[in-house]
Amino acid sequence: MNMRVPQLRFEPADELAALCKAGGDPLRLNVLRALTNDSFGVLELAQIFAIGQSGMSHHLKVLAQAGLVATRREGNAIFYRRALPHSELLGGTLHAALLAEVDELQLPAEVQARIAAVHAQRAAASRDFFAKTADKFQAQQDLIAGLPQYRDSVLALLDALGFAAGATAVEVGPGDGGFLPELARRFHHVTALDNSAAMLELARQRCEQEQLGNVELQLADALNDEIGAADCVVVNMVLHHFAAPAEALKQLARLVKPAGSLLITELCSHDQSWARTACGDLWLGFEQEDLARWADAAGLTPGESLYVGLKNGFQIQVRHFAKPDAKQTQV
């Protein structure tokens, strides 16, 4: 008589064990901390933590197998970001608790410095691109999504918000100034910010042609320089040029007055890697959930959103984020 030995199944325990194993290494915990509001490629993370690429790839594989990091392909490169915990799934509560503890960690000063160096490398690549290609700006923009394809959607959100007669606006990265006439008609005073002198010259020419007397042009870094806050901040097709988009949203939020609005027009996530070389894009669009999460971390509240599908397969998201009134939050 053959006795069949019962097979013990430990799959749920295996999943928890993988999660515990992934969190049981100081380097992997610091990687999760570095990914709090950013995403990096394996080479960037190897640079940040001063280890070899193969070693970093191993740690990322362990984190990925445990469901602690997610990947996203950006052309030929793969970028890693933190995966969001799902409390309804096995290990979800432990996952969330681990990330909460990780967020209390202070990264070593040398790691923070190397993160800043990676951001600086990204920003330099973006500045160099626009310095060299300002005369081709409109043609490059039209390859994906020119202003005519999303202007009406942005204006619909602007007009629905009903700003007061004396309201002010800031446009970050106005390009050739194509949207400035619309802002000038709707706001008492408009400030256009750009860190590229070549691009700002294009905007200046537009202002002269349109006789926009209430538009002020500033050669400035919107993320680091001291800029006066406005009732409305408009960022059209610019966020994908910032080295650290999540951190950029925090800095953009400081330009918004209490009870004011931030309007962001951006591409949804796509896989057209040629946009990097043809248009100087650092990021291939963004997931809608990521923008909402970053805005929440910046103290902003999601408002109305519009989505525009284009014939070339790209999709545009036009997002409104509101900054709470300081008086209301104190009540």
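Me: Contact means heavy atoms within 4.5 Å. Leaving aside its neighbours within four places in sequence, which residues is Val215 in contact with?

Reply: This is a predicted model, where local features need pLDDT of at least 70 and side-chain atom pairs count only at pLDDT 80 or more, while totals for chains, interfaces and linings use all residues. Residues are numbered from 1 along each chain as its sequence is written, and side-chain values use heavy atoms, with hydrogens and water left out. Val215 sits in strand β6 (residues 215-219). With those sequence neighbours set aside, its contacts are Leu180, Ala184, Val190 and Cys207.

Me: Is Val215 buried or exposed?

Reply: Buried means under 20% relative accessible area, exposed means over 50%, and partly exposed lies in between (1.4 Å probe, protein chains only). Val215 has a relative accessible area of 13%, so it counts as buried.

Me: How far apart in space are Val215 and Ala184, C-alpha to C-alpha?

Reply: Along the sequence, Val215 and Ala184 are 31 residues apart. Ala184 is also one of the residues in contact with Val215. From C-alpha to C-alpha, the distance in space is 6.6 Å.

Me: Zooming out, how many helices and strands are there in the protein?

Reply: Helices (H or I, at least four residues) and strands (E, at least two) are DSSP runs, numbered from the N terminus. They belong to a protein of 331 residues, 48% of which count as buried. Among contacts with a separation of 6 or more, 69% come from residues 24 or more positions apart. The tally of elements is 14 helices and ten strands.

Me: How are helices α3 and α4 oriented to each other?

Reply: Axes are lines fitted to C-alpha atoms, for helices over the stretch in contact, with angles running from 0 to 180 degrees between N-to-C directions. The axes of α3 (residues 42-49) and α4 (residues 53-65) come within 9 Å and cross at roughly 110 degrees. That makes α3, relative to α4, roughly perpendicular. On the naming, under 35 degrees is roughly parallel, over 145 roughly antiparallel, the rest oblique, and 65 to 115 roughly perpendicular.

Me: Which residues of α4 meet α3?

Reply: On the α3 side, the residues involved are Val42, Leu43, Leu45, Ala46 and Phe49. Their partners in α4 are Gln53, Met56, Ser57 and Leu60.

Me: Which residue forms a salt bridge with Glu182 at 2.9 Å, N to O?

Reply: A salt bridge is a side-chain nitrogen of Lys or Arg within 4 Å of a carboxyl oxygen of Asp or Glu. Glu182 is buried, at 13% relative accessible area, while its partner is partly exposed, at 27%. The two are four residues apart in helix α9 (residues 180-186), so about one helical turn separates them. That partner is Arg186.

Me: And which residue forms a salt bridge with Arg293?

Reply: Arg293 is partly exposed, with a relative accessible area of 26%. Its partner is buried, at 9%, and lies three residues away in helix α13 (residues 288-297), about one helical turn. With the closest N and O atoms 2.7 Å apart, the partner is Asp290.

Me: How many salt bridges are there by this rule?

Reply: Another pair is Arg204 and Glu208, at 2.3 Å, N to O. Both lie in helix α10 (residues 197-210), four residues apart, about one turn of the helix. Arg204 is partly exposed at 31%, whereas Glu208 is exposed at 52%. By the rule, the count is nine.
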